[in-house]
Amino acid sequence: MALVSNILTQVCISLIAVAGVYVLTGLTGMFSLGQAAFMAIGSYASGLLVVKAGLPLVPACILAVAVAVAVGYLIGYPVVRLRRDYISLVTLGFGEAIAALLNRMTSLTGGASGLTGIPRKTTLLIAFISSAAAVCLTAFFKTSKYGRQCVALKGDELAARAMGIHVTRIKMTAFLLSVGLTAYSGCLYAFYMSYVDPTGFGWKKSADWVIMVFFGGVNSLTGSVLGAFILSALPQALRSLQNYRYVIYAVLVLLIINFKPSGLLGEWELTPRNIKRTAGRLRGRKKETGGKS
């Protein structure tokens with residue numbers, strides 16, 4: 001039971017970060033390979049505020065997210081004006097710079113040894129409610145005016161500008177929302193693991209989140225959530241198969257890329273209208289099968 005609770009808690013924390021990556025990649029088409037750096041900022045800032053400044057958990061998390069968003073604004077202001085391929089390179093460099101900085105700040109962050117003594121406050125209930133709220137916020141953003149403008153500029157930036165969309169401002173809004181969600185997942189992670197170190201926030205983690213989005217369906221929030229659930233839970237559940245779990249993980253990703261490039265769900269979303277349509281199609285197929293038999 002404890003193992004299941006541990007897996008579900010970590011999956012919920014990952015879901016929050018993946019929701020942030022979906023806003024950035026799924027809606028605007030931007031790729032960030034330094035997204036885990038904002039998770040590191042959220043983790044270290046909240047941990048330090050509680051351990052060394054003595055702040056309560058909630059204010060510490062709020063301040064940590066605010067710090068991450070402020071850093072995100074400084075990085076995003078020039079970055080969102082670049083081409084999409086350059087954005088991934090710049091964010092990759094930023095992520096590696098943050099990891100190096102955390103390694104060198106031995107007196108404050110513990111350096112390579114990590115930050116210890118963080119109280120364990122994150123529970124499965126807190127993680128679940130937080131992930132549900134993050135997914136709902138992302139869904140609301142997608143259906144809002146800003147979300148529709150993000151989708152428009154993802155398809156064609158020049159056409160979006162011609163329609164009067166302020167492309168830079170919309171990109172910045174999506175980027176900061178993504179940063180805030182990722183930083184909050186870092187806060188939950190720190191207060192669940194009770195320990196954080198720079199090696200846990202490298203570019204590979206950022207790449208994993210991007211893979212999860214594409215695995216489930218880059219154009220579907222529901223698909224991204226499903227992809228995050230499967231690919232986050234799988235390595236945890238297959239710990240006994242230590243030598244094979246990454247092979248299985250890689251095979252699943254390759255199968256999806258080759259046989260279903262649009263992801264598991266494509267553009268399908270879990271909405272009442274789509275559920276009714278799917279149920280209607282299934283009933284229609286049953287009637288046809290019954291008639292033939």
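What radius of gyration does the protein chain have, and does 20 Å or some other value fit a compact globule of 293 residues, agreeing or disagreeing? I looked this up first, taking the radius over C-alpha atoms and the globule rule as 2.2 Å times the number of residues to the power 0.38. The chain has 20 Å, in agreement with the value near 19 Å for a compact globule of 293 residues.

A note on what I am looking at: this is a predicted model, where local features need pLDDT of at least 70 and side-chain atom pairs count only at pLDDT 80 or more, while totals for chains, interfaces and linings use all residues. Residues are numbered from 1 along each chain as its sequence is written, and side-chain values use heavy atoms, with hydrogens and water left out.**Overall build.** I found 13 helices and 2 strands in the protein chain; these are DSSP runs numbered from the N terminus, helices being H or I with at least four residues and strands E with at least two. Along the principal axes, the C-alpha atoms fill a box of roughly 75 × 55 × 35 Å. For contacts (heavy atoms within 4.5 Å), I looked at pairs with a separation of 6 or more, and 79% of these join residues 24 or more positions apart.

**Surface and charge.** The chain exposes about 15000 Å², with 67% of it from carbon and sulfur atoms; the method is Shrake-Rupley with a 1.4 Å probe, and for residues only the protein chains shown count as cover. I also noted that 46% of the 293 residues are buried, meaning under 20% relative accessible area. There are 28 positive and 9 negative charges, and their mean positions lie 8 Å apart. Lys and Arg count as positive, Asp and Glu as negative, with His and the chain ends not counted; each charge is placed at NZ of Lys, CZ of Arg, CG of Asp or CD of Glu.

**S178.** I found S178 in helix α9, residues 167-193. S178 is buried, at a relative accessible area of 0%. Leaving out residues up to four places away in sequence, S178 touches G20, V21, L24 and Q35.

Notes. Buried < 20%, exposed > 50% of the residue type's maximum accessible area, 1.4 Å probe, protein only.
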